[in-house]
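Got your viewer open? Let's walk through this one together, one selection at a time.

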Amino acid sequence: MTDTLTKSPTYTGDPSPQRAFYIFAAVLGLCAVAIACYFALASYFLRTEAAQTPERAQFFASSIDDALTRLEHLPYVLSIDESTLNALTTGDTDELNPILADIASRAGAEFIYVLDLNGKTVASSNYRDTDSLVGNYYTFRPYFRDAVAGGAGRFYAVGVTTGRPGYFIAEPVRDAQGMIQGVVTVKIGFNDLSRAMSGNGELVLVADEQGVVLASSDPKLIYGYMSPLSEGNRRILEEQQQFGSETLFPLDWTPESERRARLDGTAYVWTKAYLEEENWSLHLLSEVRESRRQALLYVAGGLMTLLLLTVAASVYRAAQLRNALAISNADRQRLTREIEERRIAEKNLESARSELAQKEQLAALGQLSASITHELGQPISAMRNYLVAEEIAANSEPNALWPQLSGLVDRMQRIVDQLRLFGRTSASVPTTFPVQDTVQAAVQLVRHTAREAGIRLDVTLPDHPIRVRGRPERFEQVIVNLLRNGIDATEGKADGRVTLSMDERDSCVVLTVADNGHGLGDLNIADLSKPFFSTKPSGKGMGLGLAISGQIINEMGGTLHAENNLDQGAVFVIILPKPDNADA
């Protein structure tokens with residue numbers, strides 16, 4: 001029977017493309033909203049501008065009317081003055097010229113001059129200037145003909161003598177019988193009027209009935225015509241010399257509707273007003289792009305505000321994420337520490353279990369080895385005695401009669417010796433003892449073995465006594481085991497050598513057992529200290545010596561470690577604390 005486990009599908013794709021799509025859609029939507037707001041605001045500002053411009057256009061028209069009529073009383077006042085009539089009838093203008101100059105200066109008129117019936121200027125306010133009007137004829141001017149006919153003359157023209165534009169107001173001069181003797185004319189300058197219009201920031205045009213621009217806030221547009229001039233109008237302008245030597249030129253003017261027009265390709269909101277004094281029109285032009293620029297500024301301001309809010313929200317969100325990340329990292333580190341602590345605890349527990357099992361195994365083996373040693377000791381001794389007796393009877397060399405049997409007996413004796421060493425216990429308590437005496441006793445036990453194996457045994461001990469704390473008989477087992485291991489490692493070498501040295505380092509006693517044998521290879525003290533681990537051939541040992549030795553040194557508060565010698569062989573180092581620093 002086969003069990004089938006069905007899992008629900010899990011999305012494991014990369015969320016980045018989907019997130020990028022959402023961001024793109026949001027940006028696209030924001031652009032659409034911004035464009036819609038731009039057009040709505042532009043339309044609103046254009047309507048607002050169109051609603052406000054008529055009032056401003058009428059204000060400009062009234063201001064120009066006021067400028068044109070502010071001196072309209074002056075020609076009449078001068079026409080009824082006796083000095084004016086006397087100058088015309090007598091031809092003596094010496095008194096009249098200074099009077100006209102003073103009045104022109106005080107009234108702000110450009111010129112005031114008096115003409116006789118022939119159109120000749122007999123007196124002028126600029127009589128002292130190089131371009132004085134005195135002596136010039138102006139019969140061709142419409143204002144002169146209107147005044148000679150008995151009416152008030154008004155006319156815009158460019159001065160023939162000065163070349164400056166102005167508005168001329170003329171009144172007839174009558175004698176006591178009402179007969180016209182001449183004409184008094186006041187000229188109001190137009191340049192100041194154009195400069196006054198240029199300070200409002202809008203484009204203002206003042207055109208006559210023929211569409212010629214007489215004044216403008218943009219001086220470059222003056223003398224341009226907004227509609228084509230007929231041949232009749234051109235002849236009249238030439239006869240009246242209205243524009244003097246100025247050249248008229250067509251404007252790139254295109255009305256698009258009642259409120260929209262284009263000038264030189266630029267779109268404007270167009271408002272038209274009329275002057276009361278003259279048949280002139282005033283054109284107030286407000287650029288459409290100003291309204292669009294204003295709408296763009298509003299949209300840009302809104303987008304900037306939104307961007308700032310987005311940045312602020314992102315910063316706040318980032319701060320929250322950093323805080324959450326810091327908390328998460330702290331939790332992760334705490335979890336990591338707990339996992340590491342638990343792992344170490346489990347490792348220590350496993351090590352303790354293993355050590356306990358080894359100790360229980362060693363304890364059982366100790367009891368077993370005591371029994372085996374007791375049971376096998378006497379038979380092995382008897383066998384050796386029989387072999388020696390046979391060799392004596394046969395008058396042969398030791399181990400020459402039964403070499404194989406003697407070898408087997410030797411192997412059995414060594415095993416029994418290892419078991420006796422392992423099972424040997426002492427009821428003594430730890431005490432301080434001289435290290436040199438214990439070491440010398442151990443050396444004596446193995447010296448005969450070293451001599452038979454042809455191994456050189458070198459022992460170097462300090463002259464003054466050094467004491468450590470422990471059980472001397474157990475410490476002696478450690479030294480014997482290390483020396484025997486060195487002898488076994490160097491057995492068969494022509495220059496086999498085992499050295500034992502001891503010295504003091506600070507608060508410790510250091511014993512070193514070195515040999516020039518085959519060394520440890522890739523093994524370390526942890527491998528060598530495992531029970532029943534041995535590098536010797538079968539019958540040479542049970543692998544318990546270093547395990548017991550390490551346990552004895554640990555009981556004394558010291559350490560045992562091993563390493564390969566720099567040249568060859570192995571080095572075992574015992575470090576023991578002095579009694580003052582040892583545990584009581």
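Start by selecting Tyr156, Tyr167, Phe190, Tyr223, Phe243 and Trp280: ring pairs join them into a cluster. Keep in mind as you look around that this is a predicted model.

Now keep Phe190 and show what surrounds it. Leaving aside residues up to four places away in sequence, Phe190 touches Leu68, Tyr156, Pro165, Gly166, Tyr167, Leu214, Ala215 and Trp280.

Next, zoom out a bit. Which residues have the most contacts inside the largest nonpolar core? They are Tyr156, Phe190, Trp280 and Leu282, and that core has 46 residues. Color helix H1, residues 16-69, and you'll have the element that gives the most to this core, with 5 residues. Apart from this core lies another one, of 37 residues; to find it, select Ala442, Leu461, Leu500 and Ile548, which are among its members.

Back to rings for a moment. The structure holds 12 aromatic pairs. Pick Tyr143 and Phe168: their ring centres are 5.0 Å apart and their planes sit at 5°, so this pair counts as stacked. If you're wondering about those two numbers, a pair of aromatic rings is described by the distance of the centres and the angle of the planes. Follow the chain from one ring to the other and you'll see that the pair links distant parts of it: Tyr143 belongs to helix H5 (residues 142-148), Phe168 to strand S4 (residues 165-174), and they are 25 residues apart.

Are these two rings buried or exposed? Tyr143 counts as buried, at 0% relative accessibility. Phe168 is buried too, with a relative accessible area of 4%.

Time for the sheet. Show strands S15, S17, S18, S20 and S19, in that order: these 5 strands form an open sheet with mixed pairing. Which strands are at its edges? Look for S15 (456-460) and S19 (559-564), each of which pairs on one side only. On average, neighbouring strands here are turned by 15° against each other, ignoring direction.

Stay at the S19 edge and add strand S20 (residues 570-577). S19 and S20 pair in the antiparallel sense, over 6 bridges. For a close-up, select Asn564, which stands opposite Ala570 in S20.

Last stop: helix H10, residues 435-453. Turn the view until you see H10 lying across S15, strand S17 (497-505) and strand S18 (508-515). Compare the directions of H10 and S15, and you'll find the helix running at about 175° to that strand.

Notes: Residues numbered from 1 in each chain as written. Predicted model: local features only at pLDDT ≥ 70, side-chain atom pairs only at ≥ 80, totals over all residues. Heavy atoms only, no water. Core = buried A, V, L, I, M, F, W, Y, C linked by side-chain atoms within 4.5 Å. Buried < 20%, exposed > 50% of the residue type's maximum accessible area, 1.4 Å probe, protein only. Helix = DSSP H or I, 4+ residues; strand = E, 2+ residues; numbered from the N terminus. Contact = heavy atoms within 4.5 Å. Phe/Tyr/Trp six-rings, centres within 6.5 Å; stacked < 30°, edge-to-face > 60°. Pairing = 2+ DSSP bridges. Axes fitted to C-alpha atoms, helices over the stretch in contact; angles between N-to-C directions.
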